Amino acid sequence: MTQAVVGSRKKKWLISIIVSQPLLIVLLVLMLIGLFITVFWVPFLLFSEKGDFDLGSGANYSWWSAPTKVNANGQPYLWPVPTVRYMTSGYMDSVDRDAAHLGIDIASEQGASNTELQPIYSMAAGKVVVAGSASGYGVMVSIDHGGGLVSIYGHLETALHVRPGDQVEQGQLLGRIGKGKVGRSTGPHLHFQVELNGVAVPPLDYVQPPTNVVPTELAYKKMNISLMQEWLGKRNSALANAEILGEIDRAGQSQNISPYLLIAITGQEQSFVPKDGNHADLIVKNPWNVFGCWCSGQGATLTTGESAIIAAKTIVKLSQNRPAGADPISWLNDPSNPQGVYAEHRGWYLGVSQFFKSILADVAS
Ligand SMILES: [Zn+2]
């Protein structure tokens, strides 16, 4: 008797809540739907088709959980290819009928020429175990980080920057992504694998791609050297030289940066280095003013090719974490860029953008 009364009071209480708080009920239902989507859809989104990622416009992977592991200093491990963040194949994706994929494959969504020869860096400090040919990986590097942790970098270019037994720092250059079709793959890519006590573990527990990389419009595009030379010749530029332009083109390719952007920056920084100007022979070696200036210190010791590489690397670094919708060139000298700025003066990006636009229209079209 008492039980039944309590039961009916409970029902009435519930009905009165539903009647008096319709908004609350709607919210609860929405929360349940949200939970359902998170649990059942996200796993399929993680490694879905290429077209699902809009990488050029500042999309980010906010639904990826941050890496859960940190290095011996409590710092994050390093994504091994700062110029490329797209994954063409995920951990444990099936590649064969009977073999799961033990790592992740990293390639540029911009294509083979933006993937080939991109520099690869060690995810953490450690000792090089393998640096050379290895069955299944073509050319590979593996690094023992201690504590049973090993990272593996496969399908590399033959010329490596480390040898077995070398001690490497976190972020040390190991080699570059190999050219062309590698093994069973359809194009160049880095196979990146992490092992703990000899067993492959999810690489994304250790590293995460940068929130943003160089957008397609600033990425490498082979320079039309003769047209570029002609264009610069009309401006009486000391850069109007096929050999120098070849060096700039190679520097751009090595970092996946458009050589036309590099030329545009020399326009803003040095008016394309007028041939008859003072110190043209020195300025032409560092028209990007890397290390502050062509005129002194380290900035005065470089070749054109060396300073071009440093300028391109700087662009790669500054392009990271660009907010959605932010202009990619403006972001390079935006005061709120956490990586710093290429130049303090905000007019810098306007000048660079203008030159870049003209060069693309006249030379690259
Ligand atoms: Zn792979």
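Reader: In this predicted model, which residue follows helix 5, and what is the sign of its phi?

Author: The model is predicted. Helix 5 ends and is followed directly by a residue with phi near 50°. The sign of that phi is positive, and the residue is S271.

Reader: What distance separates the end C-alpha atoms of helix 5, and what span should its residues give?

Author: Helix 5 comprises residues 259-270, which makes 12 residues. At 1.5 Å a residue, the helix should span 16 Å. The end C-alpha atoms agree with this expectation, as they are separated by 16 Å.

Reader: How many residues of helix 5 are buried?

Author: Burial here requires 20 or more other C-beta atoms within 10 Å. Residues that meet this include P259, Y260, G267 and Q270. Helix 5 is therefore largely enclosed by the rest of the structure, the buried count being 12 of the 12 residues.

Reader: Which helices do the buried residues of helix 5 pack against?

Author: Among the packing partners are helix 3 (225-234) and helix 4 (242-255), which precede residues 259-270 in the numbering. The full set of helices is helix 3, helix 4, helix 6 (280-283), helix 7 (304-319) and helix 9 (347-364).

Reader: Which element gives the most residues to the largest nonpolar core?

Author: The largest nonpolar core has 44 residues, and L261, L262 and A264 are among those with the most contacts inside it. Helix 3, helix 4, helix 5, helix 7, helix 8 (328-332) and helix 9 each give two or more residues to this core. With seven residues, the element that gives the most is helix 7.

Reader: How many residues has the other core that lies apart from this one?

Author: Among the residues of that other core are V81, M140, Y153 and L204. It lies apart from the core to which helix 7 gives seven residues. The number of residues in the other core is 29.

Reader: Is A312 buried or exposed?

Author: A312 has its place in helix 7. Leaving aside neighbours within four places in sequence, A312 is in contact with A251, G252, Q255, I257 and L262. Because A312 has 28 C-beta neighbours inside 10 Å, the residue counts as buried.

Reader: What distance separates the C-alpha atoms of A312 and L261?

Author: Both A312 and L261 are among the residues with the most contacts inside the largest nonpolar core. Along the chain they are 51 residues apart. The separation of their C-alpha atoms is 9.1 Å.

Reader: Where does S258 lie, and how many other C-beta atoms are within 10 Å of this residue?

Author: S258 lies in the loop between helix 4 and helix 5. Not counting residues up to four places away in sequence, S258 touches L218, A219, Y220, K221 and G252. The C-alpha atoms of S258 and E217 are separated by 8.1 Å, although the two residues are 41 residues apart along the chain. S258 is buried, and the number of other C-beta atoms within 10 Å is 26.

Reader: Within what arc do the buried residues of helix 3 fall?

Author: The buried residues of helix 3 are M228, W231 and L232. Seen down the helix axis, they line one face of helix 3, because they fall within an arc of 90°.

Reader: Which residues are exposed on the other side of helix 3?

Author: The cover over the buried residues of helix 3 includes helix 4, helix 5 and helix 9. On the other side of helix 3, the exposed residues are S226 and K234.

How values were computed:
Residues are numbered from 1 along each chain as its sequence is written. This is a predicted model: local features need pLDDT of at least 70, side-chain atom pairs count only at pLDDT 80 or more; totals for chains, interfaces and linings use all residues. Helices (H or I, at least four residues) and strands (E, at least two) are DSSP runs, numbered from the N terminus. The expected span of a helix is 1.5 Å times one less than its number of residues. Two residues are in contact if their C-beta atoms, placed from the backbone, lie within 7 Å. A nonpolar core is a set of buried Ala, Val, Leu, Ile, Met, Phe, Trp, Tyr and Cys residues joined through C-beta atoms within 7 Å. The arc is that of the directions from the helix axis to the C-beta atoms.
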